[in-house]
Amino acid sequence: MSDDTLRVSKIRDGTVIDHVPGGQALKVLAILGIDGSAGETVSVGMNVPSDKLGRKDIVKVEGRELSQAEVDVISLIAPAASINIVRDYEVVEKNRVVRPDRVEGVLACPNPNCITTGDEPVASAFEVLDAGVRCAYCDTIIRRDIADHI
Amino acid sequence: MRHDHLISAKQLSRDDIEAVLDRAATIADDPPDHGDAILALLFFEPSTRTKMSFDAAMKRLGGTTVDMGPVETSSVKKGETLADTVRVVEGYADAIVLRHPSEGAAKMASEFVDVPLINAGDGAGQHPSQTLLDLYTIRENAGLDDLTIGIMGDLKYGRTVHSLASALTNFDARQHFVSPESLRLPRSVRYDLHEAGAQVREHTDLEEVLSELDVLYVTRIQRERFPDENEYRAVAGQYRIDEGTLAAAREDLVVMHPLPRVDEISADVDDTTRAKYFEQAHNGVPVRMALLDAMIGGEDR
């Protein structure tokens with residue numbers, strides 16, 4: 001196996017986000033604030049055949065373990081995702097995402113008149129609904145494209 | 001009521017509502033003495049009825065009010081945040097009444113203070129104390145059970161509508177919403193009504209439902225919400241009522257409006273027995289007396 005193949009298939013330390021619905025990998029990167037400008041090593045597999053999802057995406061981020069807030073938001077667009085923590089090439093922790101009741105400080109409310117979009121000392125907060133999220137301050141509901149509001 | 005703050009009508013149970021309305025019916029005759037209480041009136045938007053009726057209610061209870069005055073002459077003009085303003089004002093008063101142009105303002109402000117805070121309107125969000133006086137007026141004139149109510153006008157941005165619709169889910173009420181397509185109820189309100197199992201129908205034409213109504217609650221279609229003046233003119237005329245419009249309605253129809261009106265209710269309705277909007281505005285004082293009594297020193301606090 002060549003070095004190039006190893007680079008894609010294995011990471012030394014970091015996080016593998018598996019079982020992301022096909023086509024959603026770039027949104028996961030957006031949630032993580034990864035656009036390549038910081039020089040992170042990131043591997044993305046898109047529309048990989050999957051028994052469970054039909055097609056799935058995989059995101060591997062070298063040298064970074066995710067915060068709970070990031071995992072919470074990933075769960076909104078990838079409810080079946082698993083988060084694998086890798087250290088020295090070994091998976092040391094594997095967790096399924098759990099949809100939280102509430103996410104704070106990650107999403108921005110799309111209502112320009114919401115108090116959280118001004119200069120007040122308050123973090124955004126969203127209650128998680130069965131389908132979408134709802135601003136805890138102004139009640140605005142986001143049903144689709146949740147990652148667009150990060 | 002055992003709420004620290006009144007932010008949204010969604011907080012109010014049927015018991016909460018009935019306790020305030022029952023108290024409102026008697027409080028003017030024998031008001032409790034809250035002679036040492038101070039109520040702060042923080043109005044970041046213009047207000048006549050809400051501000052004056054809270055002011056009058058506190059004074060009828062023997063208390064006093066402090067008022068930040070117009071925004072232009074307050075520290076807000078210097079760039080102070082709302083969070084800072086309410087943190088300062090809670091040191092001056094036993095309760096705060098807040099009106100603000102941003103949705104969620106009252107909810108956020110309540111997180112920074114320990115004194116009770118009452119939302120007197122947050123943008124297009126909620127206006128729960130208005131809802132209590134609306135319900136008081138409905139109960140006095142039509143009863144709150146087996147009620148068919150039409151709510152017409154600007155349902156998208158109308159905060160009184162959002163609060164009233166939510167509160168009515170506590171009662172056996174059939175709610176008919178009449179508006180232009182562009183001013184339908186917001187998704188969040190429709191979601192809550194659906195979750196509450198409310199009986200709801202939406203219409204663009206009042207005639208579809210007028211003859212069934214016990215109550216017609218009219219709101220102003222707000223010209224400033226329309227980007228195009230012609231679009232406003234096209235819809236505004238369709239949602240104006242006069243005696244002719246009401247010919248198809250029941251004789252005992254109750255016509256309400258949270259006021260101010262512009263021309264959505266013709267003056268020829270004013271002198272009919274159906275017109276209850278001035279009575280509705282007057283009810284703001286006893287209902288807010290009962291609310292303040294419950295929140296700043298009622299028996300159950």
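These are my notes on chain B and one of its helices, H10(B), in a predicted model.

**Entry 1, the overall make-up.** I started by listing the secondary structure of chain B, and I got 10 helices and 9 strands. Then I looked up its extent: the C-alpha trace covers about 55 × 45 × 40 Å along the principal axes.

**Entry 2, is it spread out or compact?** I tried the globule rule here. A compact globule with 301 residues would have a radius of gyration near 19 Å, and chain B has 19 Å, so the two agree.

**Entry 3, inside and outside.** What share of chain B is buried? I found 55% of its 301 residues in that class. The accessible surface of chain B is about 12,600 Å², and carbon and sulfur atoms make up 44% of it.

**Entry 4, contacts.** I took the contacts in chain B between residues at least 6 apart in sequence, and 72% of them turned out to join residues at least 24 apart.

**Entry 5, charges.** Chain B has 32 positive and 53 negative charges. I checked where each set is centred, and their mean positions lie 4 Å apart.

**Entry 6, helix H10(B).** I picked out residues 284-296 of chain B, which form helix H10. At 1.5 Å a residue, its 13 residues should span 18 Å; I got 17 Å between the end C-alpha atoms, so that agrees.

How many of its residues are buried? I counted 12 of the 13, so H10(B) is largely enclosed by the rest of the structure. Among the buried ones I noted B:Leu291, B:Leu292 and B:Ile296, but also B:Arg288 and B:Asp293. B:Gly284 and B:Pro286 are on that list too.

Conventions: Residues are numbered from 1 along each chain as its sequence is written. Chains are lettered from A and ligands numbered from 1 in the order in which they are written. This is a predicted model: local features need pLDDT of at least 70, side-chain atom pairs count only at pLDDT 80 or more; totals for chains, interfaces and linings use all residues. Side-chain values use heavy atoms; hydrogens and water are left out. Helices (H or I, at least four residues) and strands (E, at least two) are DSSP runs, numbered from the N terminus. The radius of gyration is taken over C-alpha atoms; the globule rule is 2.2 Å times the number of residues to the power 0.38. Buried means under 20% relative accessible area, exposed over 50%, partly exposed in between (1.4 Å probe, protein chains only). Contact means heavy atoms within 4.5 Å. Accessible areas come from the Shrake-Rupley method with a 1.4 Å probe; for residues, only the protein chains shown count as cover. Lys and Arg count as positive and Asp and Glu as negative; His and the chain ends are not counted. The place of a charge is taken as NZ of Lys, CZ of Arg, CG of Asp or CD of Glu. The expected span of a helix is 1.5 Å times one less than its number of residues.
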